[in-house]
Amino acid sequence: MEEILEKLTDAQRRAVTHIDGPLLVLAGPGSGKTRVITYRVAYLIAKGIPPNRILAITFTNKAAEEMRRRLEAMHLPRGSTICTFHRLAARLLREYAERADLSKNFTIYDEADQLIAMRDALKALELDSKNFPSGKMLTHISNYKNDLVTPEQLAQLPQDFVGGKLVEIYRAYQKQLEKNNALDFDDLLMRLALLLRDDTELRDRLNERYQYVLVDEYQDTNHCQYQIARGLTLNHNNLCVTGDPDQSIYGWRGADIGNILAFEEDNPEAAGVHLEENFRSTPEVLNLADSLIRHNVQRKEKQLFTSKLSGAMPELAEYEDERAEAHGAAQYIKEKRHEGFEYRQMALFYRVNSLSRVLEEALRRERIPYQMVRGVEFYQRREIKDVLAYLRVLVNPSDRVSLKRIINTPARGIGNATVKRLFDYSENAGKDIWQVLAEADRLETIGAAAKTNVKKLVQMIHSWQVNTDKPVVEIMKMVYEQSGLKAMLAAEKSEDPAANVQELINSAVDYDSRIEKPALDDYLQQIALVSDADAYDEQAGAVSLMTLHTAKGLEFPVVLIVGVEEGLIPHARSAENEKEIEEERRLLFVGITRAQKKLCLSYASNRTFRGTRQATIRSTFLRGLEGLVFRREIEYEPDHNLNVADDLETGLTGNEPLSFIRGQLVRHSKFGLGRIQEAIASRDHPRVVVRFNAGGQKTIELKYAKLEKLDE
DNA sequence: CGAGGACACCTTTTT
DNA sequence: GGTGTCCTCG
Ligand SMILES: Nc1ncnc2c1ncn2[C@@H]1O[C@H](COP(=O)(O)OP(=O)(O)OP(=O)(O)O)[C@@H](O)[C@H]1O
């Protein structure tokens with residue numbers, strides 16, 4: 001117990017030792033909020049509270065894992081529930097499926113599945129996907145769900161034409177999910193919140209089970225999540241939340257700083273603790289961060305000091321374009337490596353994922369090891385989704401989205417026309433799709449070959465279904481091999497897909513050994529809820545690349561933030577109003593405050609975006625930043641106007657690009673006079689970028705276009 | 001039936 | 001640069 005409290009400041013200790021009643025910890029970055037949550041759990045256990053009566057909610061699975069690891073290091077008994085809101089919801093909804101009016105084997109739909117379900121819903125309503133784009137519809141519905149608005153409630157509200165349609169779409173979409181025995185991410189939260197609201201007996205029981213509830217990163221909870229936290233603690237009010245309003249970056253998915261106000265209103269007796277010492281960053285980094293966040297009008301000022309020693313000034317670097325920026329980032333990393341930092345201590349952040357590509361290329365070129373912190377991406381790959389779709393069908397035969405995916409993957413002679421006929425028939429006759437498949441023999445519209453193929457598939461699936469209580473790996477391997485997927489991937493040109501499936505199989509081995517009661521349905525639900533940050537491996541010995549959003553909660557001695565430009569941060573699509581811009585500013589704030597020692601921001605004067613190169617403007621956020629110094633002259637390669645494309649592995653054989661130097665006056669047959677901006681040597685596509693006098697900048701393929709060099 | 005090509009459309013951030 | 005959709009051809 002002493003040991004626990006020893007490592008805390010007075011303020012932290014006050015928060016940790018506060019046992020009963022609501023507690024609100026509001027504090028700036030690096031002040032130890034997460035530590036308070038972890039130590040508070042430890043303290044409660046040390047005080048004799050049974051571990052399984054404690055529930056701690058984290059923002060990512062990775063954070064949960066980390067917290068569990070720390071508690072274990074303190075040699076405390078295990079058994080506390082530490083997970084994300086989504087994981088908790090999935091678990092409780094499974095446990096209390098009947099009361100929630102669900103079947104236990106529900107599938108959790110990811111974004112791609114949701115899109116398909118939405119398209120099906122729109123088709124059923126005979127709505128044109130042009131006027132009602134699926135993605136946008138899903139965003140609206142997601143917002144409603146996060147606010148706990150059901151289709152019925154929505155219908156009560158006065159609606160214009162589009163609004164009225166939205167009610168219908170919301171209903172139809174839910175009907176699709178229901179038919180598939182599926183829940184989307186928001187459903188998980190909403191169903192649990194509603195269950196806690198309506199089923200008072202269960203609520204009491206869960207209040208009993210979770211005597212103490214703690215929520216980290218509270219500033220990014222949405223209404224629905226708050227209702228869950230509140231519902232779980234209604235009887236005892238032992239709810240402790242920590243957060244930083246300046247780090248709220250998920251407003252776009254319903255997170256509401258208003259929840260902090262709600263917490264105070266709902267718990268007027270709540271104790272409040274402020275933590276004012278930052279244990280992470282140098283004063284230089286903190287000053288910079290403060291000079292940025294000060295510009296937000298809608299905010300309460302907070303004190304934050306550090307006793308860390310003064311360090312290097314944060315730097316700002318300007319580059320000609322994104323390639324130069326990526327190269328500069330690689331140089332910066334090498335420089336820090338020389339100064340003695342390890343690769344794993346460095347991170348590169350960007351606003352949008354698309355910026356990572358050029359960075360990866362540069363790092364590869366410089367042989368710098370890196371890891372992409374993007375856990376979800378893996379599970380979105382075609383070959384992975386294929387394998388998982390088979391497993392999903394085994395667990396939840398109603399999942400037609402998955403069934404449609406696998407019915408002819410690999411191709412087994414059940415073509416699109418057949419599939420459509422089968423599903424249409426099931427729809428129109430009101431018969432279960434499996435019944436239709438079983439009776440396909442008798443359907444006149446189905447070709448003879450297709451009939452046998454359907455029969456074979458159904459038999460195969462049945463043969464697997466009796467085996468679903470085996471370890472997950474075994475089922476996975478069996479399905480992968482017997483379905484023909486393995487053969488299909490083996491025949492492909494690229495070996496990556498097969499290797500990816502192998503990785504999936506390995507992760508299943510890991511799952512089977514890690515979990516007490518491994519089960520296929522549980523495995524699938526776990527996988528559906530991975531977060532991007534989960535891919536972060538602190539031991540990897542590699543530089544970490546991730547979005548600013550993913551960086552939340554992490555810390556690195558060396559941090560680089562690239563693309564600090566108008567349109568990127570603040571993002572063009574988040575610049576509608578001051579509120580959005582303030583969130584963008586917070587996002588940059590989060591990025592900056594991840595840095596412990598060294599920080600470098602950069603921007604490129606030109607950036608190629610969807611194929612066209614455009615001049616950029618540096619971010620307005622850079623204005624009024626204090627204590628940022630220009631990075632000293634960037635060492636360009638001697639031939640800095642020569643970029644090397646990927647396909648060029650050996651020496652330069654192409655004659656053309658090299659003969660063009662920057663600033664050379666040229667004439668193009670169609671676009672007229674212009675000047676070379678950049679020359680790109682490449683085996684297959686030697687090209688130059690020309691800024692034409694008539695306006696505009698174009699990339700000219702030297703293979704196809706004749707450029708005439710002119711003397712001045 | 002199915003493979004492959006042409007074309008449009010969208011890519012901000014994520015559980 | 002990816003993906004869904006429509007078309008053609010074998
Ligand atoms: N009392 C303390 N003594 C020494 N180090 C501490 C103390 N409290 C926190 N730290 C360290 O400070 C760093 C930041 O702590 P933590 O991640 O808990 O802060 P946070 O407030 O959750 O940060 P953020 O909100 O920026 O994610 C961690 O490395 C942590 O170990």
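This is a short talk on a predicted model of a protein with a ligand and a DNA strand.

Okay, hi everyone. Remember as we go that we're looking at a prediction.

Let's start with the sheet. Six strands make up an open sheet, and if you walk across, the order is β3, β2, β6, β7, β1, β8, with parallel pairing. At the edges you've got β3, residues 81-84, and β8, residues 271-275, and each of those pairs on one side only. From one strand to the next, the twist averages 15 degrees.

Let's zoom in on one edge. β1, which is residues 23-27, pairs with β8 in the parallel sense, over five bridges. If you want a spot to click on, try Ala-27: its bridge partner in β8 is Leu-275.

Now the helices on that sheet. I'll show you two. Helix α13, residues 258-266, packs on the sheet and touches β1 and β7, and its direction makes about 145 degrees with that of β1. Then there's helix α4, residues 61-73, which also packs on the sheet. That one touches β2 and β3, at about 160 degrees to the direction of β3.

On to the ligand. Which residues come nearest to it? Out of 18 around the ligand, those are Gln-12, Lys-33, Arg-280, Glu-555 and Arg-594. Glu-555 has a side-chain N or O atom 2.4 Å from an oxygen of the ligand. Thr-34 puts a polar side-chain atom 2.8 Å from a ligand oxygen, and for Gln-247 that distance is 3.1 Å. How much of the ligand does the protein bury? Taken alone, the ligand exposes 640 Å², and 83% of that gets buried.

As for who builds that shell, helix α3, residues 33-46, gives the most, with three residues. By class, the shell has three nonpolar, nine polar and six charged residues.

Last stop, the DNA. Strand B has 27 residues around it, and the closest are Arg-351, Gly-413, Thr-418, Ser-531 and Arg-610. Of the strand B atoms that come within 4 Å of the protein, 55% belong to sugar and phosphate.

Some phosphate contacts to look at: a polar side-chain atom of Thr-418 sits 2.3 Å from a phosphate oxygen of strand B. For Asn-408, a side-chain N or O atom is 3.0 Å from a phosphate oxygen, and for Thr-550 the figure is 3.3 Å. Helices α20, 416-429, and α27, 548-551, each bring at least two residues to this surface. Its classes come out as eight nonpolar, 12 polar and seven charged.

Definitions and conventions. Residues numbered from 1 in each chain as written. Chains lettered and ligands numbered in written order. Predicted model: local features only at pLDDT ≥ 70, side-chain atom pairs only at ≥ 80, totals over all residues. Heavy atoms only, no water. Pairing = 2+ DSSP bridges. Helix = DSSP H or I, 4+ residues; strand = E, 2+ residues; numbered from the N terminus. Axes fitted to C-alpha atoms, helices over the stretch in contact; angles between N-to-C directions. Contact = heavy atoms within 4.5 Å. Near = heavy atom within 4 Å. Polar contact = N/O pair within 3.5 Å; in protein donor to acceptor, adjacent residues only side chain to side chain. Areas by Shrake-Rupley, 256 points an atom, 1.4 Å probe, with all protein chains shown as cover. Nonpolar A, V, L, I, M, F, W, Y, C, P; charged D, E, K, R; others polar.
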